[in-house]
Every structure is written in C-alpha cells, then in structure tokens.
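Me: Please take a close look at a single part of this protein. I would like to know how two of its helices meet.

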Amino acid sequence: MFCQSYSFVQLYTAPLLMAFPVVACLLIGGASMSRATLTHVIIGTVLFQSILTVALPVTSQVVAGDFSETARLIIQNGMILYALTRRGDR
C-alpha cells in the first residue's frame, strides 16, 4: 500500500501491462499461435532483452528528454506487430 500510494508500484495496471512483454518474447522467439516450446521462450527472452538493452541507450542519445519508457513500449509493440505480420513457411 505504501509503494502504491507514492506511485512506486502500479498495482492496478501491472497485470494488464505484464502480458505484452511475454507475448513479445514468445513471438520474437519463433512461437506460433498453435505451438510454443521452452526453446522459443528462452530465445525470445534473450532477443527481447538484448534489443531493449541496445535500443534504449541509443534512443536516449538521439532524442532529448526522458523517452525511455515510451521507447520501450514502441519497441515492444513493434516486435509484436512484426512477429504477427511476417509470413512464414509453416
């Protein structure tokens, strides 16, 4: 309660925002709508975190101001859109 009252933790919106990174990790790892394995999860998590680790400092250097949270959301949702719109041989 203390953390939420001082806006350290967002308890109301956290469950809603938690699903997007999970979906981005699964889809960028190669999982499909019908099949997802542990390998897809591990590869997706490594790729997702490495992209965020590299992209956020670059965007903070290019754009002035505190743009890190917005850039993280743009990158995360862009990964989901890319993974859902790509054509596969499956």
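Reply: Here is a walk through the helix pair, one residue at a time.

This is a predicted model, in which local features need pLDDT of at least 70, side-chain atom pairs count only at pLDDT 80 or more, and totals for chains, interfaces and linings use all residues. Residues are numbered from 1 along each chain as its sequence is written, and side-chain values use heavy atoms, with hydrogens and water left out.

First, the setting. The protein has four helices and zero strands. Helices (H or I, at least four residues) and strands (E, at least two) are DSSP runs, numbered from the N terminus. The order of elements from the N terminus is α-α-α-α. Of the 90 residues in the protein, 21% are buried. Buried means under 20% relative accessible area, exposed over 50%, and partly exposed in between, with a 1.4 Å probe and protein chains only. Take the contacts between residues at least 6 apart in sequence: 44% of them join residues at least 24 apart. Contact means heavy atoms within 4.5 Å.

Now the two helices. Helix α3 covers residues 38-62, which is 25 residues. From first C-alpha to last, α3 reaches 36 Å, close to the 36 Å expected at 1.5 Å a residue. The expected span is 1.5 Å times one less than the number of residues in the helix. Helix α4 takes in residues 68-85. Its 18 residues should span 26 Å at 1.5 Å a residue, and the end C-alpha atoms of α4 are 25 Å apart, which agrees.

How do the two axes meet? The axes of α3 and α4 come within 10 Å and cross at roughly 140°. That makes α3 oblique to α4. Axes here are lines fitted to C-alpha atoms, for helices over the stretch in contact, and angles run from 0 to 180 degrees between N-to-C directions. Angles under 35 degrees count as roughly parallel, over 145 as roughly antiparallel, 65 to 115 as roughly perpendicular, and the rest as oblique. The crossing of α3 past α4 is right-handed. From α3, the contact is made by Phe48, Ile51, Leu52, Ala55, Leu56 and Thr59. From α4, Ser68, Ala71, Arg72, Ile75, Gln76 and Met79 take part. A crossing is left-handed if the near helix is turned anticlockwise from the far one by less than a right angle, and right-handed if clockwise.

Next, what is buried. In α3 the buried residues are His40, Gly44, Phe48, Leu52 and Ala55. In α4 they are Ala71, Ile75, Gln76, Met79, Ile80 and Ala83. An α-helix has 3.6 residues a turn, so residues three or four places apart point the same way.

Start with Leu52 in α3. Leu52 is buried, at 9% relative accessible area. Beyond its neighbours within four places in sequence, Leu52 is in contact with Pro57, Arg72 and Ile75. Leu52 and Ile75 are 23 residues apart in sequence, yet 7.6 Å apart in space, C-alpha to C-alpha.

Cross over to Ile75, which lies in α4. Ile75 counts as buried because its relative accessibility is 18%. Not counting residues up to four places away in sequence, Ile75 touches Ile51, Leu52, Ala55 and Leu56. Ile75 and Ala55 are 20 residues apart in sequence and 8.3 Å apart in space, C-alpha to C-alpha.

Gln76 is also in α4. It is buried, with a relative accessible area of 2%. Setting aside residues up to four places away in sequence, Gln76 touches Phe20, Pro21, Ala24 and Phe48.

Leu73, in α4 as well, is partly exposed at 34% relative accessible area. Leu73 and Pro21 are 52 residues apart in sequence and 9.2 Å apart in space, C-alpha to C-alpha.

Last, go back to α3 for His40. His40 is buried, with a relative accessible area of 14%. Its side chain reaches the backbone nitrogen of Thr37 at 3.1 Å. A polar contact is a pair of N or O atoms within 3.5 Å; within protein, one must be able to donate a hydrogen and the other to accept it, and residues adjacent in sequence count only if both atoms are side-chain atoms. Apart from neighbours within four places in sequence, His40 is in contact with Cys25, Gly29, Gly30, Ala31 and Arg35.
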